[in-house]
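Open the model in a viewer and keep the sequence beside it. The tour goes stop by stop, with a selection to make at each one.

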Amino acid sequence: MANYIDDVADFLEDQGIGTVGTNLFIGRTIDSDDSSLPNNIVVLYETGGIEPSHYIPTKNPTFQVYVRNTDYALGRAKIEAVRTALHQTYGDTIGSTYFYTIFAQSEPGYIGRDEPDANGREEFSINFIAYTR
């Protein structure tokens, strides 16, 4: 059985956000100093969640979506596409997970430029909270 974050990644792939394992990853940022690896990526991170119900079998996981791109405008457009795809999801089964809701916890934010390397890639993130069973 897939984890909810795997289902979210597959859903984002279906929405044209990226391809899992190529430029859409779970839990790890790919360093692209190696020219065979992508500069422009989307990464999903599980970030815990809030206390689940004591009475019904539901969960309230949270997750972050990170976007890195060599072009600011393209990175901004990608993080907005992620927000559009996920925010205000109601009553949908995605993969093997039933999502009562998915909501953005904030608007997408600009983290800054990836300065430690010579690539100078732009970074963005957005956080979500889900209510699942």
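Does Thr62 count as buried or exposed? Select Thr62 to find out; the model is a predicted one. The relative accessibility of Thr62 is 7%, and a residue counts as buried when the value is under 20%, so Thr62 is buried.

**Stop 1: around Thr62**

Thr62 belongs to strand 3. Show its side chain together with that of Thr47: a polar contact of 2.8 Å joins the two. Now display what else Thr62 touches beyond four places in sequence; the list includes Tyr4, Tyr45, Gln105, Phe128 and Ile129.

**Stop 2: strand 3 and its partners**

Extend the selection to residues 61-69, which make up strand 3. Eight of these nine residues are buried, so the strand is largely enclosed by the rest of the structure. Add residues 41-49, strand 2, which runs antiparallel to strand 3 and is joined to it by seven bridges. To check the register, pick Glu46 and find Phe63 of strand 3 opposite. Next add residues 121-132, strand 7, which pairs with strand 3 in the antiparallel sense over eight bridges. Here the pair to pick is Val65 with Ile126 of strand 7 opposite.

**Stop 3: the nonpolar cores**

Select Val8, Leu12, Phe63, Val65, Leu86, Ile102 and Phe128 and show their side chains. These have the most contacts inside the largest nonpolar core, a set of 25 residues. Two or more residues each come from helix 1 (4-14), strand 2, strand 3, helix 2 (72-86), strand 5 (97-104) and strand 7. Helix 1 supplies the largest share, six residues. Centre on Val8 and look past its neighbours within four places in sequence: Val8 is in contact with Leu44, Phe63, Leu86 and Phe99. Another core, of five residues, lies apart from the largest one; select Phe25, Ile30, Val43 and Tyr66, which are among its members. In soluble globular proteins, nonpolar side chains tend to be buried together.

**Stop 4: helix 2**

Move to helix 2 and place a distance between its end C-alpha atoms. The distance is 21 Å, which agrees with the 21 Å expected for 15 residues at 1.5 Å a residue.

Which residues of helix 2 are buried? Colour Gly75, Ile79, Val82, Ala85 and Leu86. They span an arc of only 120 degrees around the axis, which puts them on the same side of helix 2. An α-helix has 3.6 residues a turn, so residues three or four places apart point the same way. The cover over the buried residues of helix 2 includes helix 1, strand 3, strand 4, strand 5 and strand 7. Turn to the other side of helix 2 to see Ala73 and Thr84, which are exposed.

At the start of helix 2, select Asp71: one of its side-chain oxygens comes to within 3.1 Å of the backbone nitrogen of Ala73.

**Stop 5: Gln88 and the hairpin**

Leave helix 2 by its end and select Gln88, in the loop between helix 2 and strand 4. Gln88 is not a glycine, yet it has a positive phi of about 65 degrees. With 47% relative accessibility, Gln88 counts as partly exposed.

Continue to strand 4, residues 89-94, which pairs with strand 5 in the antiparallel sense over five bridges. Pick Thr93; its bridge partner in strand 5 is Tyr98. The two strands, 4 and 5, form a hairpin with two residues between them. End on Gly95, in the turn, where phi is positive at about 65 degrees.

Methods:
Residues numbered from 1 in each chain as written. Predicted model: local features only at pLDDT ≥ 70, side-chain atom pairs only at ≥ 80, totals over all residues. Heavy atoms only, no water. Buried < 20%, exposed > 50% of the residue type's maximum accessible area, 1.4 Å probe, protein only. Pairing = 2+ DSSP bridges. Core = buried A, V, L, I, M, F, W, Y, C linked by side-chain atoms within 4.5 Å. Contact = heavy atoms within 4.5 Å. Expected span 1.5 Å × (residues − 1). Arc of directions from axis to C-beta. Polar contact = N/O pair within 3.5 Å; in protein donor to acceptor, adjacent residues only side chain to side chain.
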